[in-house]
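Q: Could you take a close look at one part of this model for me and walk me through what surrounds it? Then carry on into the packing and the aromatic rings, please.

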Amino acid sequence: MRAGDLDSRATFSRRERVETDMGGTLDQWVTQFVVWAAVKHLRGGEAVMQARLASRNPVILTIRNSTQARRITSEWQVELRDRTGIRKVYELREDPRPIERGAYLEMLVEG
């Protein structure tokens with residue numbers, strides 16, 4: 001993979017319990033870190049076609065491996081922003097797995 005392939009800005013968030021100013025608690029998405037990512041849209045296959053019919057958009061997301069990235073779990077979400085500024089929120093469907101001798105992490109996400 002070339003550095004130029006990482007052309008989308010990915011903001012990873014996880015759900016945390018946050019205290020409100022009134023003394024209560026609230027679950028909300030809290031940003032953990034922001035990195036560049038490559039997005040590969042899935043084509044073909046019966047499962048992919050079923051997802052599209054249900055208005056879901058499965059993609060493979062690839063990021064550089066790092067200490068921060070290894071904390072990601074399938075309970076997180078990611079907001080992707082491409083170079084045109086379009087933003088989409090995706091839920092992680094699996095824990096990241098290493099590719100290319102551990103240099104990158106790849107994960108299935110669905111919007």
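A: Let's start with the contacts of Arg83: leaving aside residues up to four places away in sequence, Arg83 touches Leu6, Asp7 and Trp36. Keep in mind that this is a predicted model. One of those partners, Asp7, is 76 residues from Arg83 in sequence, yet their C-alpha atoms are 6.9 Å apart in space. As for where Arg83 sits, look at the loop between strand 4 (77-81) and strand 5 (87-92). Its relative accessible area is 62%, over the 50% cut-off, so Arg83 counts as exposed.

Now for the inside. In soluble globular proteins, nonpolar side chains tend to be buried together. Here the largest nonpolar core has 18 residues, and the ones touching the most other members are Phe12, Leu61, Ile63, Ile72, Val78, Met107 and Val109. The elements giving two or more residues to this core are strand 1 (8-19), strand 2 (25-41), strand 3 (58-64), strand 4, strand 5 and strand 7 (104-110). So strand 4 and strand 5, the two strands on either side of the Arg83 loop, are both on that list.

Met107 is a good residue to zoom in on. Residues up to four places away in sequence aside, Met107 touches Phe12, Leu61, Ile63 and Ile72, and its contacts also include Val59, Ile60 and Leu92. Glu94, Pro96 and Arg97 complete the set of Met107 contacts.

Phe12 brings us to the rings. A search of the whole structure finds two aromatic pairs. In one of them, the ring centres of Phe12 and Phe33 are 5.2 Å apart and the planes make an angle of 25 degrees, which is under 30 degrees, so the pair is stacked. Because Phe12 belongs to strand 1 and Phe33 to strand 2, this pair ties together parts that are 21 residues apart in sequence.

Phe33 also pairs with Trp76, this time in a tilted arrangement, with 6.1 Å from centre to centre and 55 degrees between the planes. This pair links distant parts of the chain, since Phe33 is in strand 2 while Trp76 is in the loop between strand 3 and strand 4, 43 residues apart. Put the ring pairs together and Phe12, Phe33 and Trp76 are linked into a cluster.

What about exposure in that cluster? Phe12 and Phe33 are both buried. Phe33 has 5% relative accessibility, which is under 20%, so Phe33 counts as buried. Trp76 is buried too, with a relative accessible area of 5%.

How values were computed
Residues numbered from 1 in each chain as written. Predicted model: local features only at pLDDT ≥ 70, side-chain atom pairs only at ≥ 80, totals over all residues. Heavy atoms only, no water. Helix = DSSP H or I, 4+ residues; strand = E, 2+ residues; numbered from the N terminus. Buried < 20%, exposed > 50% of the residue type's maximum accessible area, 1.4 Å probe, protein only. Contact = heavy atoms within 4.5 Å. Core = buried A, V, L, I, M, F, W, Y, C linked by side-chain atoms within 4.5 Å. Phe/Tyr/Trp six-rings, centres within 6.5 Å; stacked < 30°, edge-to-face > 60°.
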